[in-house]
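Colleague: I am new to this model. Please take one part and go through it closely.

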Amino acid sequence: MKTVYDRPETLTSSKTHYCPGCTHGIIHRLVAEVIDELGVREETIGVSPVGCSVLAYNYFNVDMQQAAHGRAPAVATGIKRVHPQKIVFTYQGDGDLAAIGTAEIVHVAARGEKITTIFVNNTIYGMTGGQMAPTTLLNQVSMTSPEGRTAIPQGYPIRVSEMLATLQGAAYIARVSVHNPQEVSKAKKAIKKAFELQMAGIGFTFVEILSTCPTNWGYTPKESLKWLVDNMIPVYPLGVKKMPEER
Amino acid sequence: MLKVEFDEDRCKGCELCVEACPKHIISMADRLNAMGFYPAIVINQEECISCGFCARMCPDVVITVRKEENK
Amino acid sequence: MAKVLMKGNEALGEAAIRAGCRYFFGYPITPQNEIPQYLAKHLPEVGGVFVQAESEIAAINMVYGAAGAGARVMTSSSGPGISLKQEGISYIAAAELPCVIVNMQRGGPGLGGIQPAQSDYFQAVKGGGHGDYKLLVLAPASVQEMANLMEKAFNLADEYRNPVMILGDGILGQMMEAVEFKEEKKTSQMEKPWATTGAKGRKPNLINSLFLDPLELEKHNMHLQRKYDRMAKEVLWENYKTDDAELVLVGYGSSARIAKAVVDQARAQGIKVGLFRPISLFPFPKNALQEACKYAHNVLTVEMSLGQLVEDVRYNLEFKVPVHLYGRVGGMVPTTRAVLEEVKRWVNGDQGVETHENCL
C-alpha cells in the first residue's frame, strides 16, 4: 500500500479554527503541498494579515510574520528585499486585499516585487461576522448591505485579477476555484506556477482563489459551493489573466 | 491497512467529501466526535478506488488515502 | 576622518549607513526629503536597498517586514507621515522589532506648514499609536549630535528589540554644520535567532503581536513594561551652567540651542540662568532634571509648541518648582531676545498672568 494522500509536511498538525466546510482549509493544503513538492519549506517565509486566515501562522510550518490589515504586501516587500533568495508569499482575504490593502497590492505588483500573493475571495468579511466587502456581489445580502448590495451607492464588485493584470510588474495572474476535485487540482497547478515563477525571479505572481463562507452566507458547505458556481464565477471568470511576457 | 482512513476527531461534518466521492461510499456516522460533529466514514473499503477526490475536497486534513502497489 | 560641512538630513543618512543600516523605506515629505534622496543614491553603493513606498503606511510596514527578517532598517518622515505610521509603529513595538524612525518635525496640526516645530512631542514620547508601548526617543540638537545618535539608536534598537525615534525638526534637518564621522567599525551586529530567515534546521519563527487570550496579552504587556523600565539606564542629558542657576531653562533640540545663547546673555547681565537639555526624551532624565533645578526659583521651558515638554518638566519636578512656558509654534522660532525678556520677567518676580498671549 502506498500512501497517495496525507498531510503535507508544510501543514502543522493543529486543527484549524475555520468553520466547517470553509474552503480556506483546502487552499491552505494546496499551498502546503506546493511548498512540499518544490522542496522549499525551509526557504519560505509567509505573511498572514488580519482576517479569518490571520491564524494561518499556526497552520503553515514555515517562518511567518503576522501583518497589519491590508499591509501584507508591504511586509512581504520588506522581507524579500532582505532575503532575495528566499521564497515569500502573502495569504490574504478580500477585505484585507481589495479594501484597506488596495494600495499595497497595486504597488507590490507595479514594482514587480518577486513575491507570491494567494488571494482568497469569498465576497465577504468573515472574521468580523459577515460584512460587505469590495468583492460582495450586486444584490448579495450581508450584515452591512442588509437589503442586498446596490451599485449606487455601495459600488460595483472589484475584479482584482483583471485590475492587476494591467500592471507590467505583474508576471503571472490567475483566478481559480476549489469547488470540486477537478478545480482543486487546477488551482494547485496555478499556485505551483506562481511559486515557480517567483523562484525564477520573473516578477510578482498572484493567484485569486474563489472561496466559500458557509457561516456568513447562511448556506450549508455543499450549497455554498453551488452558490459560488452559480453566482461568483459569472462575475469573477476563471482563467489565466496574465502570463509572463516571453522576455 | 485501509485504503481510505478518516481521522474522525478532526472532522467537522461538512460533508464536502460525500459529494466528491465518485463511488458514493462516504456517509456520516450517527455518533458524535469529540468536537460534537457527526464525522464522515467509509463503510465498505473494497469499493474505494483510492482516487483521493475526498481528500482533495477535505478542508481539515481528515483523510489519508492509500493505493495498492500494482505488483 | 576630517570634518565636512553637511546638511543635517544628509549627515543623518551617512551616519545610518555607517551604523550598518542597509535598508530604508520612506516617502517624500518636507522637511526630511534629503534623507531618502541621500540614501537612494548611497545605499545601493554599499549593497543596501532603498524603496520609496506608495505611502508612509506601506513604508512602516516594509520596515516591519525587514526588521522581522533580521535587518538593520530605518525610515524617516515628518508630522503628517509619522501620524500615518502610528499603527505600524504600535505593531513594531508589540512584536518587539528593532528599527530607527526619524521625525523631522514641522508645524502642525493638519497639513500645518513646512517650517520647524516640536509639537509632535506627546506623539513621540507618550505613544501616538494604540496600546501601552514606548519608543526610545532621542533628541539631537546639532548635526554632529544627530550623526552620533544614529549609531546609538541602532544599537539600542537591537539591544532592546524596540523601535527608536530620532526626534529632530526642520532646522536640524535643513541646516548645514561641520560634522565628523567615525570610521565604520565592523561591529558584528547582534545575532537575531528570532528573525524570519527561513526555518532551516530549526523550528519556524513567528513575528506576531496577536494574543487573543487576554491573560497572554496581559503577560506580554507586562513583559514589555519590564523592558521599558530597564531602559531607564539609557537617560542622556546636558547641563549648561545649572550649578548655581536661580532660573533654569529647559529645552531640547533647536530650542535648547536658543536657550543656551540666552543663558550667556543673562549671565552677562548678572542673572544666574542655566540650561537643562534632555537628550533622551524617553526615558526622561528625571533625577538629572531635579539635580539641575536644585536652587532654581523658576523654571522656564522653551519649546516650539504650545506646551508639551512643559508638562513633563512639571511632572518630573513633582510640581516643587514653578515651571513656566515660552512657546512659539506653527513654524515660528523663539528669539533669544524674547526668551531673555521672559527670563527677566520671572526673575524680577512680577508674576504676570500665565497665558499663551505672553508667548507672542
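Modeller: Here is a close look at where two domains of one chain meet. This is a predicted model, in which local features need pLDDT of at least 70, side-chain atom pairs count only at pLDDT 80 or more, and totals for chains, interfaces and linings use all residues. Residues are numbered from 1 along each chain as its sequence is written, chains are lettered from A in the order in which they are written, and side-chain values use heavy atoms, with hydrogens and water left out.

Chain C is assigned domain 1 (4-233) and domain 2 (239-355); such bounds come from an automatic or database domain assignment. Their C-alpha centres lie 29 Å apart. In the contact (heavy atoms within 4.5 Å), domain 1 of chain C has 32 residues and domain 2 of chain C has 24.

The two domains of chain C bury about 2,300 Å² between them, and carbon and sulfur atoms give 56% of that. Buried area is the accessible area (1.4 Å probe) that two parts lose on being put together, summed over both. Q118(C), Y121(C) and F122(C) supply 31% of what domain 1 of chain C buries against domain 2 of chain C, more than any other three residues.

Now the charges. The rule finds 3 salt bridges across this interface. Each is a side-chain nitrogen of Lys or Arg within 4 Å of a carboxyl oxygen of Asp or Glu. R257(C) and E177(C) meet in a salt bridge through their side chains, at 2.6 Å, N to O.
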